[in-house]
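Here is a short tour to follow with your viewer open and the selection box ready. At each stop you get something to select, and then a note on what to look for.

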Amino acid sequence: MIMSSSRRDFLKKSVFTGAGLSILPLVGGADAFALTETISNGKPVFKLPELPYPNNALEPYIDARTMEIHHGKHHAAYVSNLNKAVEAMDAFPADLKTVFESIEKFPASVRNNGGGHWNHTFFWEIMRPAKENNVPTGKLAEAINKNFGSLDEFKKKFKEAAMGQFGSGWAWLIAEPNGQLSICGTPNQDNPLMSVSAKKGTPILGLDVWEHAYYLKYQNKRTDYVDGFWSIVNWDKVATLLG
Ligand code: MN
């Protein structure tokens, strides 16, 4: 693979220098979810995480068969293709977050599959089995009210982002560097951690609006899928991501 010298220098500086087996968090700091990975020949080897609940745990809002295919086939393929992309490179940073910060320096396969792996790992974690009156509380509820006026207004704007994403992509609630919460959409498997994202920040909630996420149950009715999402948001997890 031909690389410019500046890119080679960047990758050399970024590469994990330890040898053997290490367990590293996918993202550092206050992020409450972490993905374990191993290091081989100085480069990370990514692994499909277990779902934090059984395939049928999100019924009736997301059906078991959709979860089985989404996690077991789609997410698994992102991991497998990311590992192939990493193998083909001379060096690769240990932390995907570092990769996202200069994603334009990497091949499209890293952007698509690295994004796919990170986004889905995040997505599984911010959902949980449905419960009655599933609403944010405490500091998170205050932050939503402060930034959007009310929970209903927030949901309305988030739904607009989810419905407005033409084709495949994601809707996000992010904490911007100045601490403000905002909503955005990204195409394909991009996310707001990526240097190429129009709006940048730390995701604290995200919704996959690819058809593979809902088509078996909802067919063309993305709107019903988005409405159902509110019953299965893991607001406790979202609150920990807010920090
Ligand atoms: Mn997906």
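Select leucine 173 and isoleucine 183 to begin: the isoleucine, in β4, is the bridge partner of the leucine. Bear in mind as you look that this is a predicted model.

**Stop 1: the hairpin**

Now widen the selection to strand β3 (residues 169-175) and strand β4 (residues 181-187). The two strands run antiparallel, and seven bridges join them. Another pair to pick out is isoleucine 174 with serine 182 of β4, which stand opposite each other. Follow the backbone round from β3 to β4 and you trace a hairpin with five residues between the strands. In the turn, click on glycine 179 and check its backbone torsions: phi is positive there, at about 95 degrees.

**Stop 2: the other side of β3**

Keep β3 selected and add β5 (residues 202-208). These two strands also run antiparallel, with six bridges between them. Isoleucine 174 serves as a landmark again, since it stands opposite proline 203 in β5. A further pair to try is alanine 175 and threonine 202, the latter in β5.

With three strands on screen, which order do they take in the sheet? The order is β4-β3-β5, in an open sheet with antiparallel pairing. β4 and β5 stand at the edges with a single partner strand each, so each has one side left without a neighbour in the sheet. Look along the sheet to see its twist: ignoring direction, neighbouring strands are turned by 25 degrees against each other on average.

**Stop 3: what covers the sheet**

Show the side chains of β3. In a regular strand, side chains alternate between the two faces of the sheet. Colour Gly169, Ala171, Leu173 and Ala175 for one side, then Trp170, Trp172 and Ile174 for the other. Are these two faces buried or exposed? Both are covered, and the residues listed on each side are all buried. For β5, the count is six buried residues out of seven.

Next, bring up helix α5 (residues 138-148), which lies across β3, β4 and β5. Against β4, the helix runs at about 80 degrees.

Step just past α5 to serine 150, in the loop between α5 and α6. Serine 150 is partly exposed, with a relative accessible area of 27%. Setting aside neighbours within four places in sequence, its contacts are Ile144 and Asn145.

**Stop 4: the manganese ion**

Select the manganese ion and display the residues that coordinate it. Which protein atoms are the donors? They are NE2 of His70, NE2 of His120, OD of Asp208 and NE2 of His212, at 1.9 to 2.1 Å from the ion. Along the sequence, the donor residues follow the spacing H-x49-H-x87-D-x3-H. Histidine 70 belongs to helix α2 (residues 64-87) and aspartate 208 to strand β5, so this pair ties together parts 138 residues apart in sequence. Histidine 70 and aspartate 208 are both buried.

**Stop 5: a buried asparagine**

Move to asparagine 113, in helix α4 (residues 108-125). This asparagine is buried because its relative accessible area, 11%, falls under the 20% cut-off. Leaving out neighbours within four places in sequence, asparagine 113 is in contact with Ala77, Tyr78, Asn81 and Leu82.

**Stop 6: two crossing helices**

Select helix α6 (residues 151-164) together with helix α8 (residues 222-229). Their axes come within 10 Å and cross at roughly 145 degrees, and the crossing is right-handed. To show the contact, pick Phe158, Lys159, Ala162 and Met163 on α6, then Arg222, Thr223, Val226, Asp227 and Phe229 on α8. Coloured by class, that contact has five nonpolar, one polar and three charged residues.

**Last stop: the whole chain**

Zoom out and switch to cartoon view. The chain has nine helices and five strands, in the pattern α-β-β-α-α-α-α-α-β-β-β-α-α-α along the sequence. Of the 243 residues, 50% are buried. A contact map gives one more view: among contacts between residues at least 6 apart in sequence, 67% join residues at least 24 apart.

Definitions and conventions
Residues are numbered from 1 along each chain as its sequence is written. This is a predicted model: local features need pLDDT of at least 70, side-chain atom pairs count only at pLDDT 80 or more; totals for chains, interfaces and linings use all residues. Side-chain values use heavy atoms; hydrogens and water are left out. Axes are lines fitted to C-alpha atoms, for helices over the stretch in contact, and angles run from 0 to 180 degrees between N-to-C directions. Helices (H or I, at least four residues) and strands (E, at least two) are DSSP runs, numbered from the N terminus. A crossing is left-handed if the near helix is turned anticlockwise from the far one by less than a right angle, and right-handed if clockwise. Contact means heavy atoms within 4.5 Å. Ala, Val, Leu, Ile, Met, Phe, Trp, Tyr, Cys and Pro count as nonpolar, Asp, Glu, Lys and Arg as charged, and the others, Gly among them, as polar. Donors are N, O and S atoms within 2.8 Å of the metal (3.2 Å for Na, K and Ca); water is not among the atoms, so sites may look incomplete. Buried means under 20% relative accessible area, exposed over 50%, partly exposed in between (1.4 Å probe, protein chains only). Two strands pair if DSSP finds at least two bridges between them.
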